[in-house]
Amino acid sequence: MTDAPADVVLEVEDLAVTFEGPDGRRTRAVDGVGFSVHRGRTLGIVGESGCGKSVTSLAVMGLLPKAGARVSGRVVFDGQDLLAASERTMRDLRGDRLAMIFQEPMTSLNPSYTVGDQIMEVLLRHRSMSRAAARERAIEMLRRVRIPTPEQRFDDYPHRLSGGMRQRVMIAMALACDPGLLIADEPTTALDVTIQAQILELMRGLREETGAAIVLITHDLGVVAEVCDEVVVMYAGQVVERASVGDLFAFPQHPYTVGLLGALPRFDERRDRLSAIEGAVPDMSAPPSGCRFAARCPFRIDRCAELPPLAPVAPGRLSRCWRAPLEALAA
Amino acid sequence: MSAVTVPAPALAPANQTLVIESPRRRAWRRLRRRPAAMVALAVIAVMILAALLAPWIAPYDPIQQSWRAVRKAPSAANWFGSDEVGRDILSRVIYGARASLSAGIISVGIALGIGVPLGLAAGYLGGWTDALLSRLTDAMLAVPFLILAIALAAFLGPSLTNAMIAIGITATPIFLRLTRGQVLAVRAEDYVEAARAVGNPHWRIALRHILPNVMPPLIVQVTLTIATAVIAEASLSFLGLGQQPPAPSWGSMLNTAQRFLSQAPWMAVFPGLAIFVTVLAFNILGDGLRDALDPRTK
C-alpha cells in the first residue's frame, strides 16, 4: 500500500465465491477477500486446507466451473476487471499475461507429448512465431529454469523426468510468454525438501529476471518466510491478517496466525511438543455469524460473537480481531 | 544473484541412453515380447494379405462351377475339396476373407467414426448432451448385439454393404460408452486443467489434450470388436442377409454346407476354421494390446 499505484499488477477487492451443490446447498468458499500484488513482488496466501486459497487463485484465473460457482467482487489485472471479461479475453490472457503453476508436477504434464511440444504449444498459442522460433524459445526457457542439456530434454516425455524436473518444466511453460502475474498454487508441496529449496530459489531468481508479480499459495510458513514480501493469512474463506513478511513473523496480529506460528518446529527454542490449534475449520455451508475462528481461539471474548472487520492495527497491516493489537496477549 | 546448481546425479545420465521413447513405441516394444500376440498379429497379416491378393493366389475362380468335381474330398487338385456345384473351397475361403475382413474393419470404422466423436462430446460437454446420448446408448445396448444387427440388416435389405452398415451402427454404442467413460476420467486430470490455464480453447483441449489419452483402451476395443463384427458378418451371411450368392462368404458357405454335413464335411470345416482362426487371432491380439498398453503391467 506504500507503493505507487502504477506498480500494482493485481488488485483483488471483495472477492466472493459461492458453490452451489447438486442438492442446492450453498457453500461460501471465499468471502470478501481483498489484496494487491505489486510488480516484482511476491504475495503469499497462507492458510490450511479448505480455507479458500486455491479457490481464490482459480477465481483470478477464471478457471472455476461456470455452472455451480458464483463469483463476485473485482479482480483488476493491468487495469482490466477480469471478472467482467469474456471467456475469449480470458483465454487470450491465460498462459500469456496470466500464468499458473500447479501443485502436482507429476500429473500436470500431458503424458502424450514431449515436454518441448508442451512449451511450444503455449508459445504458438499466444505469439505469432514460426515453429522453429518457438522451438528455440522453448529450449531457451528450459535453460532458464536450469534444466541440464535442454536440447535433449526437449524431446523427452514427462515420464522420464523427476518431480523436480517436471516442476521446472511447468515453470518454463508458465513463464514462456513473460507473464505479468504468476500464480503458484502450492508449487513445492509435492516435492521433497531439497528439491523444494531449489525450486523456490529458481522462482526467486526468475522473478528478479522477469519482474513478474507472484502470488504464492501455500500452507507452509517456511516457504512464506523464504520467498514472500507480503502475506495474506486466510481462515474459513476470509482474510484474517495482512502484513509484510517480517512483521507477520515478528508480531503476529491475529490469534490464528499466532497458532500457525506456534505449530512451526523451530531450532532456536526447546519445546517438547508443537502446539496444535485445537478444533476444526467451521462448516462453510453454514459459517458462524461471529468471528469464524472464535470456536478455536484461546483469546475469545464475548464480543467475538460479532464478526470483527479487517481493520488496520499498524501502518501497512490489517487484522480481523477485536483484540488486536495482540502484543499484550501473545506474551 | 547465485545461480542454482543442479546436482548432476539427480538426473538420468544425460549423454548416455538418449533413446527417446514415445508411448506408442513403448507399447510396441512391450507387445513384441508377447509371443501369442505376435503369432496372432502374423495370422491377421496373412489373412489380410490373402484377402488383398486373392485374384493372384486363389488357384481357381471362386464362382466357376464344375460338374465333374462336385463335392470332391480334399485332394492335390482341390486342397480344401469342392462344394455341391464343384467350386474350389480353398479359392472361396480366400475370396471369403475379403467379405469377412472388410466387414470387420469397415463396420468397426463406422462405429469408431460415429461413437468416438459422440462419446467425446458426451463426456466433455456433459449436461443434456450427455444425458441424451447416454440414454440412447443404454437403449441400444439393452438389445443383444446380433439381434440388433439382424434387425437393422433386415430393415436395410440384404447386401454386404448393408450388413456392414448394420454391424457398424450396432457396434457404435460400445465405442460411445467407452469413449465417454475414458473422457470423464481424463477430463479430471491435472494436465487438462493445466491446458486450460495456458489459454487453450475447449475444442483444442478435447481434441489435443484429451483424445490422445483415451486412445489406448479404444485400440484394444477396436481389435476385440473386429472379432465380434467378423462373427456378425458370418451370421448375417449365414442367414442370407450379408454377402449374396454366388459371391463367396464364410457365413454363406457354412449355410450351404449344413445340408451336406455328413457327405461332405470339408464344406463346413474350412470356412468354419477360417472364422475361428480369424476371430481367435483378433481376440488374442486384443488381449496382448491390453497388456502392452496398460501402464501397470511391466
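**Exercise 1.** Which residue of β8(A) does Asp185(A) stand opposite?

*Solution.* Keep in mind from the start that this is a predicted model. Begin with the two strands concerned: β7 (residues 181–185) of chain A and β8 (residues 213–218) of chain A run parallel and are joined by five bridges. Then look across from Asp185(A), and the residue that stands opposite in β8(A) is Ile217(A).

**Exercise 2.** Find the order of the strands in the open sheet of eight strands in chain A, and state which strands are at the edges.

*Solution.* Step one is to read off the order, which is β6-β7-β8-β3-β9-β10-β12-β11 in chain A, with mixed pairing. Step two is to look for strands that pair on one side only, and these edge strands are β6 (98–101) and β11 (311–314) of chain A. Step three is to follow the turning of the sheet, whose twist averages 25° from one strand to the next.

**Exercise 3.** Describe how helices α1 and α6 of chain A pack on this sheet.

*Solution.* Take helix α1 (residues 53–61) of chain A, which touches β3 (42–46), β6, β7, β8 and β9 (230–235) of chain A, and whose direction makes about 150° with that of β7(A). Next take helix α6 (residues 163–175) of chain A, which touches β6 and β7 of chain A and makes about 170° with the direction of β6(A).

**Exercise 4.** Describe the side of chain A that touches chain B, beginning with how many residues each chain brings to the contact.

*Solution.* Counting by chain, 34 residues come from chain A and 25 residues come from chain B. On the chain A side, α2 (87–93), α3 (115–126) and α7 (193–210) each supply at least two residues, and the largest share, five residues, comes from α7(A). Sorting this side of chain A by class gives 11 nonpolar, 11 polar and 12 charged residues.

**Exercise 5.** Characterise the packing of helices α4 and α7 of chain B.

*Solution.* Two packed helices are described by the angle between their axes and the distance between the axes. For α4 (residues 89–125) and α7 (residues 160–187) of chain B, the axes come within 5 Å and cross at roughly 35°, and the crossing of α4(B) past α7(B) is right-handed. The contact between α4(B) and α7(B) has 26 nonpolar, seven polar and three charged residues.

Technical notes. Residues are numbered from 1 along each chain as its sequence is written. Chains are lettered from A and ligands numbered from 1 in the order in which they are written. This is a predicted model: local features need pLDDT of at least 70, side-chain atom pairs count only at pLDDT 80 or more; totals for chains, interfaces and linings use all residues. Two residues are in contact if their C-beta atoms, placed from the backbone, lie within 7 Å. Helices (H or I, at least four residues) and strands (E, at least two) are DSSP runs, numbered from the N terminus. Ala, Val, Leu, Ile, Met, Phe, Trp, Tyr, Cys and Pro count as nonpolar, Asp, Glu, Lys and Arg as charged, and the others, Gly among them, as polar. Two strands pair if DSSP finds at least two bridges between them. Axes are lines fitted to C-alpha atoms, for helices over the stretch in contact, and angles run from 0 to 180 degrees between N-to-C directions. A crossing is left-handed if the near helix is turned anticlockwise from the far one by less than a right angle, and right-handed if clockwise.
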